[in-house]
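Good morning. I have one short item today, and I will go through it from a few individual residues out to the chain as a whole. The structure goes up first.

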Amino acid sequence: MRVAAGFILVAIFIARMIYRATVMWDLRQKPEELYLGLAFSGVWAMIYFFSYI
């Protein structure tokens, strides 16, 4: 269940970024949310990687 939660969060993040890039058209003016989300996903990926080795 914990592994699925990480994938669900990443899927929600990707869907939100696609929405902001295609519907709201404000992703280029405010890229901070993209960078923060990528950093968050990267930290979770490292946690999963090191905990399941």
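**Arg20 and its surroundings**

I start with Arg20, which, once neighbours within four places in sequence are left aside, is in contact with Trp25, Asp26, Leu27, Lys30 and Glu33. Keep in mind that this is a predicted model. Arg20 itself is located in helix α1. Is Arg20 buried or exposed? Its relative accessibility is 4% and the cut-off for buried is under 20%, so Arg20 counts as buried. If you want a distance to go with that, the C-alpha atoms of Arg20 and Leu36 are separated by 15 Å, with their positions 16 residues apart along the chain.

Two of the partners of Arg20 deserve their own slide: Trp25 and Glu33.

Trp25 is placed in the loop between α1 and α2. With a relative accessible area of 64%, Trp25 is exposed, because exposed means over 50%. The backbone is the other thing to look at here. Phi of Trp25 is near 60 degrees, a positive value, and the residue is not a glycine. As background, most residues other than glycine have a negative phi.

Now Glu33. Glu33 belongs to helix α2, which covers residues 32-51. Its relative accessible area is 27%, between the limits of 20% and 50%, and therefore Glu33 is partly exposed. Which residues does Glu33 touch beyond four places in sequence? They are Phe13, Arg16, Met17 and Arg20. With Arg16 there is also a polar contact, side chain to side chain, at 2.5 Å. Along the chain, Val43 is 10 residues from Glu33, and their C-alpha atoms are 15 Å apart.

**The pocket**

Next, the largest pocket. Its volume is about 230 Å³. The lining consists of 15 residues, and Gly6, Leu9, Val10, Phe40 and Ser41 are the ones nearest the centre. Where does the lining come from? Helix α1, residues 2-24, and helix α2 each supply at least two residues. The largest share is from α1, with eight residues. By type, the lining splits into 10 nonpolar, three polar and two charged residues.

Of the residues nearest the pocket centre, I pick out Ser41. Ser41 sits in helix α2. Its relative accessibility is 19%, and since buried means under 20%, Ser41 counts as buried. Not counting residues up to four places away in sequence, Ser41 touches Val10 and Phe13. Val10 is thus named twice: as a contact of Ser41, and among the residues nearest the pocket centre. Phe13 also appears twice, as a contact of Ser41 and as a contact of Glu33.

**Two further residues**

Ile14 is in helix α1. Ile14 counts as partly exposed, because its relative accessibility of 45% falls between 20% and 50%. The C-alpha atoms of Ile14 and Leu38 are separated by 9.7 Å, and the two residues are 24 apart along the chain.

Phe50 is in helix α2. What is the solvent exposure of Phe50? Its relative accessible area is 58%, which is over 50%, so Phe50 is exposed. From C-alpha to C-alpha, Phe50 and Pro31 are 29 Å apart in space, at 19 residues apart in sequence.

**The whole chain**

Last, the overall numbers. How many helices and strands does the chain have? There are two helices and zero strands. The C-alpha atoms fill a box of roughly 40 × 20 × 10 Å along the principal axes. The radius of gyration of the chain is 13 Å, whereas a compact globule of 53 residues would have one near 10 Å. Of the 53 residues in the chain, 17% are buried. Arg20, at 4% relative accessibility, counts as buried, and so does Ser41, at 19%.

That is the end of the item. I can put the structure back up for questions.

Notes:
Residues numbered from 1 in each chain as written. Predicted model: local features only at pLDDT ≥ 70, side-chain atom pairs only at ≥ 80, totals over all residues. Heavy atoms only, no water. Helix = DSSP H or I, 4+ residues; strand = E, 2+ residues; numbered from the N terminus. Buried < 20%, exposed > 50% of the residue type's maximum accessible area, 1.4 Å probe, protein only. Contact = heavy atoms within 4.5 Å. Polar contact = N/O pair within 3.5 Å; in protein donor to acceptor, adjacent residues only side chain to side chain. 1 Å grid on protein atoms, 1.4 Å probe; cavity = no way out; pocket = protein on both sides within 12 Å on 5 of 7 lines; lining within 4 Å. Points joined across faces, edges and corners; volume = space filled by probe spheres on them. Nonpolar A, V, L, I, M, F, W, Y, C, P; charged D, E, K, R; others polar. Rg over C-alpha atoms; globule rule 2.2 N^0.38 Å.
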